[in-house]
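Take a look at the structure below. We will walk through it part by part.

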Amino acid sequence: MVSSPLLDRIKKRDARVGVVGLGYVGLPLGMAFAEAGFPVMGLDIDKRKIDKIEKGESYIKHIPSAPLAELSKAGKLKATTDFAKAKDMDCVIICVPTPLTASREPDMSYIIQTGEALAPHVRRGQLFILESTTYPGTTEEVLKPLLEKNGLKAGVDFHLAFSPEREDPGNKSFNTKTIPKIVGGYSPECSEVACALYGSALKEVVPVSSTRVAELAKLLENIFRCVNIAMVNEMKMLCDRMNVDVWEVIQAASTKPFGFMPFFPGPGLGGHCIPIDPFYLTWKAREYEFHTKFIELAGEVNWQMPYYVVQRTMEALNNQRKTLNGSKVLCIGAAYKKDIDDMRESPSLRIMTLLKEKGAELEYHDPYVPELHKGHGFNMEMKSVPLDVNTLGQYDAVLILTDHSNIDYASVVANAQVVIDTRNATKGVSKGREKVTKA
């Protein structure tokens with residue numbers, strides 16, 4: 001067991017914890033450490049987030065303001081845009097985005113920029129942990145050289161580890177504190193210190209032998225979902241051809257008490273990880289002259305789902321002797337999954353873009369997303385319109401893209417001309433079923 005001043009400070013909860021990136025991962029993580037008694041400093045380039053935290057106001061729907069306000073008022077959770085403050089931190093946890101480039105290759109720019117911003121402030125005895133989802137080797141090949149720029153060495157002068165985030169926004173069964181935390185250190189000593197830190201604030205820590213194992217474990221978790229969702233998405237397209245209800249098929253198969261786990265089709269994959277992770281691994285695999293055919297195929301199937309939804313919409317309109325070009329279309333749901341405001345990689349945005357490109361007069365409704373802005377491949381500014389039973393009939397087609405719980409789908413079906421349901425949200429609706437097209 002390592003004996004170090006940092007370990008002692010962690011045990012006493014005197015260690016100062018810095019969290020870089022105050023988004024869906026960083027904010028709840030910072031709050032968890034603050035609630036465990038650690039003094040926490042959040043670092044972010046977005047001053048709006050800093051101002052919100054100082055006021056005790058949450059900017060993420062599923063994170064309530066009350067506990068954040070309590071931590072902020074007590075001085076347990078502070079925030080700044082000044083990265084020089086990192087020098088005062090004993091432990092620095094990096095939670096920045098890792099998107100894809102336009103050519104679907106890993107975009108390391110956020111990690112690189114963060115590493116460069118932290119490099120001048122690295123000092124002996126500190127602990128640095130990367131949480132951003134990425135390909136195996138990133139911690140050692142990308143972040144480590146940046147942090148060593150001032151001459152200090154990882155595993156000798158400072159500690160380095162990787163611990164993948166496992167956030168699931170809106171999940172009422174698990175949260176930051178209760179989801180088991182995988183931790184892989186650059187050295188056994190690094191691992192021990194990182195495990196001690198997480199173990200002081202979270203329920204369960206799962207140590208692994210290296211940063212690469214921890215990085216790849218995260219990819220495996222999400223690629224597992226991606227592959228299985230791709231399979232049921234392909235099954236859905238086949239079932240549509242065969243005039244069989246894929247949702248009933250899945251429900252029937254789910255009665256098997258062994259050897260089967262249900263996955264459900266949809267309009268495409270959303271969220272920061274699952275749509276992206278397969279491409280991170282396939283890109284890295286090419287370095288080893290290995291072609292991940294199975295994983296790439298799953299990624300391609302899921303990427304094509306928005307096109308399939310648009311095609312089904314065109315077919316539904318065609319049955320009404322209408323064309324998509326010039327039709328008035330309402331999309332219900334912009335967030336990537338139900339009951340949250342998270343827009344990251346939402347397939348709804350791609351579907352809206354495709355509909356607009358084909359000439360549809362487009363509007364959307366989402367109780368969690370009042371406005372849409374340009375960015376991430378989406379080139380429109382839009383505001384959510386009310387879901388009014390008196391105006392639903394004015395739309396030529398209504399697409400259900402996100403199955404938010406607070407929407408009356410029976411009313412939607414009753415009052416709309418045509419409904420394209422990508423989430424099986426209308427499963428309990430009997431009246432007006434002839435209007436519904438599954439997609």
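A residue counts as buried under 20% relative accessible area, as exposed over 50%, and as partly exposed in between. Keep those cut-offs in mind. The model is predicted.

E315 has a relative accessible area of 33%, so it is partly exposed. Its side chain forms a salt bridge with R312. The closest N and O atoms of this pair are 3.1 Å apart. Both residues sit in helix 11, 3 residues apart, which means about one helical turn separates them. R312 has a relative accessibility of 18%, so R312 counts as buried. One partner of this salt bridge is therefore partly exposed, and the other is buried.

Side chains of opposite charge can pair when their charged atoms come close. The whole structure holds 21 salt bridges. R212 and E141 make one of them, at 2.8 Å from N to O. R212 belongs to helix 8, while E141 belongs to helix 6, which spans residues 138–147. The pair therefore ties together parts that are 71 residues apart in sequence. How accessible is R212? R212 is at 29%, so it is partly exposed. E141 is at 35%, so E141 is partly exposed too.

K284 offers another case. Its salt bridge partner is E287, with the closest N and O atoms 2.9 Å apart. Is K284 buried or exposed? K284 is at 3% relative accessibility, so it counts as buried.

Now turn to D240. This residue lies in helix 8, which runs over residues 211–242. Its relative accessible area is 22%, so D240 is partly exposed. Which residues does D240 touch, leaving aside its neighbours within four places in sequence? They are Y308, R312 and K438. R312 is familiar from the salt bridge with E315. A154 is elsewhere: 86 residues separate D240 and A154 in sequence, and their C-alpha atoms are 55 Å apart in space.

Next come two helices that meet. Two packed helices are described by the angle between their axes and the distance between the axes. Helix 10 covers residues 277–285, and helix 11 covers residues 293–318. Their axes come within 9 Å and cross at roughly 145°. The crossing is left-handed. Helix 10 brings P278, F279, L281 and T282 to the contact. Helix 11 brings I295, E296, G299, E300 and W303. Sorted by class, the contact has 5 nonpolar, 2 polar and 2 charged residues.

Last, find the sheet. Strands of a sheet pair through backbone hydrogen bonds, either parallel or antiparallel. Here 5 strands form an open sheet, and the pairing is parallel. Read across the sheet, the order is 10-9-13-14-15. Which strands stand at the edges? They are strand 10 (361–365) and strand 15 (436–438). Each has a single partner strand, so one side of each is left without a neighbour in the sheet. On average, neighbouring strands of this sheet are turned by 20° against each other, direction ignored.

Look at one pairing in detail. Strand 14, residues 419–421, pairs with strand 15 in the parallel sense over 3 bridges. V419 stands opposite V436, which is in strand 15.

Definitions and conventions
Residues are numbered from 1 along each chain as its sequence is written. This is a predicted model: local features need pLDDT of at least 70, side-chain atom pairs count only at pLDDT 80 or more; totals for chains, interfaces and linings use all residues. Side-chain values use heavy atoms; hydrogens and water are left out. Two strands pair if DSSP finds at least two bridges between them. Helices (H or I, at least four residues) and strands (E, at least two) are DSSP runs, numbered from the N terminus. Axes are lines fitted to C-alpha atoms, for helices over the stretch in contact, and angles run from 0 to 180 degrees between N-to-C directions. Buried means under 20% relative accessible area, exposed over 50%, partly exposed in between (1.4 Å probe, protein chains only). Contact means heavy atoms within 4.5 Å. A crossing is left-handed if the near helix is turned anticlockwise from the far one by less than a right angle, and right-handed if clockwise. Ala, Val, Leu, Ile, Met, Phe, Trp, Tyr, Cys and Pro count as nonpolar, Asp, Glu, Lys and Arg as charged, and the others, Gly among them, as polar. A salt bridge is a side-chain nitrogen of Lys or Arg within 4 Å of a carboxyl oxygen of Asp or Glu.
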